[in-house]
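Trainee: I would like to go through this model with you and ask, at each step, what entitles us to the words we use for it.

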Amino acid sequence: MSTRNFIEFYREKRDYHKYQLEINNYLNKIVHEFTIAYKGITNCRIREVFWDLVDNRINYDPRNWYHVFANLMGKLTVFEILFVEKKINKFHKDARNEWVGYLAKLLIPYEPMIPNKFFVDLIQNMPIPDYESVIELYEEGMILFNENLKEILSDPVISPHEKILKFKAYFMNLFDVFLGKCSFLDLELSRHGETTHINSLHEIFQLNNSNKRTPPKLLSEMLIVLNHIRNAISHGSKAGIVHFKEKGVRVKDFKRNGKLSFEHFFSFEELYDYYYLLLIFLMEFELIALMLSLHRVIRELNIKYNKRFKCSKCGYENVVFVYPNRTNVVCDKCKTRYRIIDNDKEIKVPEEELGGITK
C-alpha cells in the first residue's frame, strides 16, 4: 500500500469542502464499482474516513484499507476538481480516463499472479527497470523542474528558439522515464504469458496493429503523436522541430527509409498540452497500482471472511462478509436478524433463531 497521503498533499492546494456534494456523489459512484465485485464495503464508512482525513481528525494509516480507499479517492477527486475549475481541459481529462481504463484492462486479468513488489515499485515511483540509467534521468528531471515549462513557453519575451530548446529537454527527459515504466509493465506481463516487446511505444502498445493490446482509438492517436514528437526531437539533423513565425512549430518525423511519416504545426500552448499529457500518463501508473493493490487486499479479505448465508425463515440465500467482531447478520429480504456466536471457525447461530451462516 502507498504510504503517501494524497489527501494531506492536495488539502493545501484544493478546497475539498467547496465541492463536498460533487465529491460524495463521485465517491458513491466509484465505491459502487467495488461493491459489485466485493462484499464488506460501505459508502458511508469510506465517506466518513475521507472527510475525517480531509479535516485532519484522524491520522492516515497505510495499513488500514479504509484509509487507503479514502486516500485513493483523494487523488481521484482532485482531477475532477481541476476540471471543474478549468485548470485542466477536456483533452487531458478524456485522455487520463482512457489511459487509466486501458491500464486496468491490461493488468486486472493477471493481478492475482503479479507480485506485490511490482505494485510497490509503481506506487513509490521507483526508477525502473534499469536503476542506474533511469536514476540519471530523475536527477536531470530535478534540475529541469526548477523552471516552469508552461511559463517559459508562454513568455512573449523568450525567443522561440530558446523555448524549443527548453521543450526538447523537458520532453525527452520525461518521455524516457515514461518509456521505462511502459517497458517495466511489458516485462511483468511477459512473465504471465504475454509477448515481450522491444523498447518502443509502438511495439509495447501495438499501435500499428489491431489486437487485444492495442488501446482505444483516441488513446492510440495520442500515444502516436507523443512518439512522433519524441522522434522529431531526435531528428535534429533533419530539422525535426522548427519554428515558423506565421505557422508555429513544425514537427516532422521520418520512417527508417527516410520517408516522411508525420508533419504538423503546433502552437507552443499545444506543445505544452502534449508535454502535460505525457506527465499525466506517467503519474497515473501510480494511481492504477494503488487501485489494483487495493483490489488485491479487498479480494483477499473476501476470500477469508465471505460466508454463505441462508435464511431459514424466507429461504433467501446470499454471501455475507463476516469480519472479526461482527455480531449479527440481517436477512436482506425479510430482515430477520441472526446472532453470530463464532465467526473464527464455522459459523453457527442459536437454534431458536433458525437458520445460519456457513462457509
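Mentor: Let us begin with what counts as an element: helices are DSSP runs of H or I with at least four residues, and strands are runs of E with at least two, numbered from the N terminus. On that basis the secondary structure of the chain comes to 12 helices and 8 strands, and please keep in mind throughout that this is a predicted model.

Trainee: What makes S2 and S3 a pair of strands?

Mentor: Two strands pair if DSSP finds at least two bridges between them. Strand S2, residues 248-254, and S3 are joined over 6 bridges in the antiparallel sense, so the requirement of at least two is satisfied. Within this pairing, Val-251 stands opposite His-264 in S3. The hairpin of S2 and S3 has 5 residues between the strands, and Gly-258 there takes a positive phi near 90°.

Trainee: How do you know that S1 and S2 pair as well?

Mentor: The argument is the same in kind, since S1 and S2 pair in the antiparallel sense over 4 bridges, and the definition asks for at least two. Val-242 stands opposite Arg-250 in S2, and S1 and S2 form a hairpin with 3 residues between them. Together the strands make an open sheet of 3 strands in the order S1-S2-S3, with antiparallel pairing.

Trainee: Why are S1 and S3 said to stand at the edges?

Mentor: Strand S1 (241-244) and strand S3 (260-266) each have a single partner strand, so one side of each is left without a neighbour in the sheet. Neighbouring strands of this sheet are turned by 20° against each other on average, direction ignored.

Trainee: Which helices accompany these strands, and how do they run?

Mentor: Helix H9, residues 160-190, lies across S1 and S2 and runs at about 155° to S1. Helix H11, residues 217-234, packs on the sheet and touches S1, S2 and S3, while its direction makes about 90° with that of S2.

Trainee: Why is Leu-179 called buried?

Mentor: Leu-179, which has its place in helix H9, has a relative accessible area of 9%. Buried means under 20%, and therefore Leu-179, at 9%, is called buried. Not counting residues up to four places away in sequence, Leu-179 touches Asn-199, Ser-200, Leu-201 and Ile-204. The C-alpha atoms of Leu-179 and Ser-200 are separated by 7.5 Å, with the two residues 21 apart along the chain.

Trainee: Why does Asp-176 count as partly exposed?

Mentor: Asp-176 also lies in helix H9, but its relative accessibility is 27%. Buried means under 20% and exposed means over 50%, so Asp-176, at 27%, counts as partly exposed. Asp-176 and Arg-230 are 54 residues apart in sequence and 9.2 Å apart in space, C-alpha to C-alpha.

Trainee: What makes Lys-86 worth a comment on its backbone?

Mentor: Most residues other than glycine have a negative phi. Lys-86, however, has a positive phi of about 60° although it is not a glycine. Lys-86 is found in the loop between H4 and H5, and at 72% relative accessibility, with exposed meaning over 50%, it therefore counts as exposed.

Trainee: How do you know that Lys-335 is exposed?

Mentor: Its relative accessible area is 57%, and the cut-off for exposed is over 50%, so Lys-335 is exposed. Lys-335 lies in the loop between strand S6 (328-330) and strand S7 (337-339), and it has a positive phi of about 70° although it is not a glycine.

Trainee: What makes up the lining of the largest pocket?

Mentor: About 990 Å³ of space lies in this pocket. Its lining has 30 residues, of which Leu-82, Ile-88, Tyr-276, Leu-279 and Ile-280 lie nearest its centre. The elements giving two or more residues to the lining are helix H1 (6-11), helix H4 (65-84), helix H5 (90-107), helix H8 (149-154) and helix H12 (268-305). H12 gives the most, with 11 residues. By class, the lining divides into 15 nonpolar, 3 polar and 12 charged residues.

Technical notes: Residues are numbered from 1 along each chain as its sequence is written. This is a predicted model: local features need pLDDT of at least 70, side-chain atom pairs count only at pLDDT 80 or more; totals for chains, interfaces and linings use all residues. Side-chain values use heavy atoms; hydrogens and water are left out. Axes are lines fitted to C-alpha atoms, for helices over the stretch in contact, and angles run from 0 to 180 degrees between N-to-C directions. Contact means heavy atoms within 4.5 Å. On a 1 Å grid over the protein atoms alone, a cavity is a set of points where a 1.4 Å probe fits but cannot get out, and a pocket is an open set with protein on both sides within 12 Å along at least five of seven lines; lining residues have an atom within 4 Å of a point. Grid points are joined across faces, edges and corners, and a volume is the space filled by probe spheres set on the points. Ala, Val, Leu, Ile, Met, Phe, Trp, Tyr, Cys and Pro count as nonpolar, Asp, Glu, Lys and Arg as charged, and the others, Gly among them, as polar. Buried means under 20% relative accessible area, exposed over 50%, partly exposed in between (1.4 Å probe, protein chains only).
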